[in-house]
Amino acid sequence: MLIVLRVHLPSDIPIVGCELTPYVLLRRPDTTVTTDDVPESAPIDGYFLKYKWYRVQSDRNVAVCSVHSSVQATLQCIGCVKAKIPVAKSYHCSTKCFADAWQHHRVLHDRATTAVNDTVTEDDELFGRYNNPGSGVISATFSGAVSSTSLTNGPTPFYPSSTTQRSGGETWFEVGRSKTYTPSAEDIGHVLKFECVVIDAETKLPSGPVNSLLTSRVIPAPSPSPRCLVPVSGVDVIGNLDSNGRASSSGSFTVLSYNILADVYATSESYSYCPSWALSWAYRRQNLLREIVGYHADIVCLQEVQSNHFEAFFAPELDKHGYQALYKRKTNEVYSGNTQTIDGCATFFRRDRFAHVKKYEVEFNKAAQSLTDAQIPTAQKKSTLTRLAKDNVALIVVLEAKFGNQGADNLGKRQLLCVANTHVNDHQDLKDVKLWQVSTLLKGLEKIAVSADIPMLVCGDFNSVPGSAPHSLLALGKVEPSHPDLAVDPLNLFRPPSKLIHKLQLVSAYSSFARMGSGIGSEKQRKRLDPTTNEPLFTNCTRDFIGTLDYIFYTVDSLTVDSAASLESDAETSMQMWRHSFKICNEIMLDTDVTVVAKEG
């Protein structure tokens, strides 16, 4: 018969909206061990598994710490009460807990004082508001009103529609009958109980003990910090104005670039300062989807998208929101893990806004092989390939805008846009490899530009800080011979340095903030730029690194920046949000000459 050997959860802290799937280890009748499910529809030797989920409701009120969800609160922030901030966020387990969390906690007070009204907008529904539901107090009252809706977790019920048990001052309210359960707002502050038992298919009776586990108290999903669009009035529109001094545009579109951190890299070893629940893919994927969809971008460029997650999650989920998907997986000549977890670059675009014209795939390994075959002496071929072949790729997509042209000169003219999406090698000691990859990508884009007069966007995680050689090549079109990064060139790839040049006239989107007009908002954004490079102070925030690695570049001769998303001012606050990499979103306008206005968000 079947025997349950072990039951446990990857993380014992459940989050609202985040699927809980216990790990159930079984021994089959033939003594083999498996974690596969055994449903009633496919029993093994006459036995199958049955599951139950309960919400454990205490008969006494218990306040839970808003930071440490499994710890009882001992103090409450009166400022939160006066500001009418949800009470769940006002509790702390100690004065040290409150003091440590103050820098992030005070943001709640600031938002409450500046809130205009409590109207729930579409974006509020997508992003989640700072006033997440849940009182933060475990109520002693049993709520019959949620019994019918709570039982949607699972297939056709085995049990009556309202099953409760009482034990030691607690009520166990049945909420699910499948292996997987998704906590709801009604579960906040409560412990969940999971039960698994082997059932005899003939008698429908249990065969063996009930295996169970208890979670910590359910906590609400943290809300992302809101970012508004800041107008960049008139920047870069010289030469693209009509007779009245207005941008002669025929439509606008937004572009989002985001390194989402592949699950295979989101390990507790790399992010030991993050709680395990915050690293779980079940939790992160829902947050990512909500955030991506919430920006309403017309073009979305994602990096570090695992191939299995692209096929099973991002492509189908974004398809529901009107996006067509294109993907380029990294090569696996160096990677030695599971091929399903290899990450890559994914580009999505709204089908009602753009049509797919052409796709180019850049494999830097192939470029390295071509370079080695053509230029490198036989004795150095192996070492050259070893250094250059890192499996990185780029995805280049040519799109045609579906919004109409304006102006008699453009009647019937196709409005095309080239979007490059890449993720450059991250090894900090391989500065020459980073520069070579960027140079190779730009050469490919130049060939496209020669064949068709087309505006371009170059998006991605370049793993290069502002002022580095790759950034200089992108932003300035060249790398000065005296640049310190050129000292690392063991393969003599960049001699003479005059080879490092391109003519695409690329400009970084966020540099537009440096050229904004006067005003309180513009001055605030300028202070969040590096004064030397006019790039954001950071787009990547971890315990060990705070800096800018992610960019959107656009061809300034054909595109113009209209507005950009407000920049984060406090890296420490971003750390509290447990976000690996912040987004850059650009809105674009096409005029009669395919001129674009970009917004970041």
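User: How do I read the contacts in this chain: what share of those with a separation of 6 or more comes from residues 24 or more positions apart?

Analyst: The idea is to ask how far apart along the sequence two touching residues sit. In this predicted model, residues 24 or more positions apart account for 72% of the contacts with a separation of 6 or more.

User: And what is the chain built from? How many helices and strands are there?

Analyst: Count the elements and then look at burial. The protein chain has 13 helices and 29 strands. Of its 601 residues, 53% are buried.

User: Okay, let's look at a sheet. In what order do the strands of the open sheet with strand 18 come?

Analyst: For a sheet, you walk from one edge to the other and name each strand as you pass. Here six strands run in the order 18-19-20-21-25-22, with mixed pairing. The walk starts and ends at the edge strands, strand 18 (354-363) and strand 22 (506-508), each of which pairs on one side only. On average, neighbouring strands in this sheet are turned by 20° against each other, ignoring direction.

User: Which helices pack on that sheet?

Analyst: Check which strands a helix touches, then check its direction. Helix 8 (residues 364-375) packs on the sheet and touches strand 18, strand 19 (393-401) and strand 20. The direction of helix 8 makes about 50° with that of strand 18. Helix 11 (residues 469-476) also packs on the sheet, touching strand 21, strand 22 and strand 25 (550-555). Its angle with the direction of strand 25 is about 25°.

User: Can we zoom in on one strand pair? How many bridges join strand 20 to strand 21?

Analyst: Look at the direction of the two strands and the bridges between them. Strand 20 (residues 416-423) and strand 21 (residues 456-461) run parallel, joined by six bridges. One example is Asn421, whose bridge partner in strand 21 is Cys459.

User: Now the rings. How many aromatic pairs does a search of the whole structure find?

Analyst: With rings, you take the distance between centres and the angle between planes. The search turns up 20 pairs. One of them is Phe462 with Tyr551, a tilted pair at 6.1 Å centre to centre with 55° between the planes. Phe462 lies in the loop between strand 21 and helix 11, while Tyr551 is in strand 25, so the pair links parts of the chain 89 residues apart. Elsewhere, ring pairs link Tyr51, Trp53, Tyr181 and Phe194 into a cluster.

User: Why does Phe462 count as buried or exposed, and what about Tyr551?

Analyst: Compare relative accessibility with the cut-off: buried means under 20%. Phe462 counts as buried because its relative accessibility is 1%. Tyr551 is buried too, because its value is 1%.

Technical notes. Residues numbered from 1 in each chain as written. Predicted model: local features only at pLDDT ≥ 70, side-chain atom pairs only at ≥ 80, totals over all residues. Heavy atoms only, no water. Pairing = 2+ DSSP bridges. Helix = DSSP H or I, 4+ residues; strand = E, 2+ residues; numbered from the N terminus. Axes fitted to C-alpha atoms, helices over the stretch in contact; angles between N-to-C directions. Contact = heavy atoms within 4.5 Å. Buried < 20%, exposed > 50% of the residue type's maximum accessible area, 1.4 Å probe, protein only. Phe/Tyr/Trp six-rings, centres within 6.5 Å; stacked < 30°, edge-to-face > 60°.
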